[in-house]
Amino acid sequence: MKTLFDPVQVGNLHLRNRIVMAPLTRNRAPGAIPTPLMAQYYAQRAAAGLIISEATAITQQGQGYADVPGVYGTEQLDAWKQVTQAVHAQGGRIFCQLWHVGRVSHVELQPEHQLPVAPSALVAKTKTYLIRDGVGAFVPTSEPRALDAEEVPGIVRDFRHAARNALLAGFDGVEVHGANGYLVDQFLKTGANQRRDDYGGSIENRARFLLEVMREVCEEVGRERVGLRLSPVTTANDIADDDPQPLFDYVVKQLAPLGIAYLHLIEGATGGPREVEGRPFDYEAMRRAWRDAGAKGAWMVNNGYDQALAEQALAEGADLVAFGRPFIANPDLVQRLRSGAPWNAVEKATLYGGGAKGYTDYPELAN
Ligand code: 8OZ
């Protein structure tokens, strides 16, 4: 029987357990530059088998919220080095989540206040977070402009370049953010993609951008250092697809020969119910399609897991379980899982933005 505490090989990394810290946006990187406080926060959580960093913008164009970090400038890379060194000093492992928000942005965050870019010029009915004169505010996203087909290879190269940067900054690998209604997910799904060229229409065309990104990133840093996050039926950021099962069936069949280290599934609505009304989905069938196509990478599950559900998932074929909010409130979550100790509750008011409060000051169990 697999347990959460078994060591496991993922790509060429030996992880000390199957417990993953999920990517968590915390908006504590002023000017998109990581801070020493972030190094402390991640180091506190380094007992996880793997940490996936908060979503990190591959370019300024890929930025959609105030004070989220980037991985495109020298200063950012130097600051990330302190984070990765602090995690490694605790014997931990950390991947960088590579993020382009696409239409989930605001002109005030974009280079020269240009329009955010997207597969199609359709507004996402969602909000983003800005800080104006020091005061945080949730504001509707800006109307995006549709990318020209000729611009797409440039964004694929931006992903590739960011992957190289992440390794230069000491990350053990990268996770492409293909979930939660951001750019990759916008290309994949009918609700955001009305293109009539090679990047829209059929499933093959809508999956083209993702597969181009994955091929380039694998070529740059090695397949064993690459993961991908997907959310087939999430409702996050106003995203939807008319028929997700065949879409993701195709995606995993095409991904399999790439030989990536892991696939990371958000089951249901991100941070919400694991079953979404009107959006049934068979994850087991998706995993079978991936395995039948020859994929050997780890299958990582996420969304609302507690200990019992996590153990059940491992028994049913998952290899890794990612915990999000529990890791915010419990820096020693691995220890608590081991001992069956209760978990601290998350304080909502300090999730996004601010300093040490609700970030590095959650209590650990007394030893
Ligand atoms: C919460 C707030 C802002 C961004 C995601 C990167 O959902 C995010 C995110 C989450 O993937």
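What radius of gyration would a compact globule with 367 residues have, and what does the protein have? Start with the whole chain of this predicted model in view. A compact globule with 367 residues would come near 21 Å, and the protein has 19 Å, so the two agree. Along the principal axes, the C-alpha atoms fill a box of roughly 60 × 55 × 40 Å. Switch to a cartoon next, and you can trace eleven helices and 14 strands.

Now select the ligand. The space it takes is the largest pocket. Show the residues that surround the ligand as sticks: Thr25, Ala55, Tyr65, Trp99, His177, Asn180, Tyr182 and Tyr352. Together they cover a good deal of ground by type, so try colouring them: the shell has five nonpolar residues, three polar and no charged.

Zoom in on His177, where a polar side-chain atom lies 2.7 Å from an oxygen atom of the ligand. Then move to Asn180, which also places a polar side-chain atom by a ligand oxygen, at 2.8 Å. Finally, turn on a surface: of the 300 Å² of accessible area that the ligand has on its own, the protein covers 79%.

Conventions:
Residues numbered from 1 in each chain as written. Predicted model: local features only at pLDDT ≥ 70, side-chain atom pairs only at ≥ 80, totals over all residues. Heavy atoms only, no water. Near = heavy atom within 4 Å. Polar contact = N/O pair within 3.5 Å; in protein donor to acceptor, adjacent residues only side chain to side chain. Areas by Shrake-Rupley, 256 points an atom, 1.4 Å probe, with all protein chains shown as cover. 1 Å grid on protein atoms, 1.4 Å probe; cavity = no way out; pocket = protein on both sides within 12 Å on 5 of 7 lines; lining within 4 Å. Sits in = over half its atoms within 2 Å of the grid points. Nonpolar A, V, L, I, M, F, W, Y, C, P; charged D, E, K, R; others polar. Helix = DSSP H or I, 4+ residues; strand = E, 2+ residues; numbered from the N terminus. Rg over C-alpha atoms; globule rule 2.2 N^0.38 Å.
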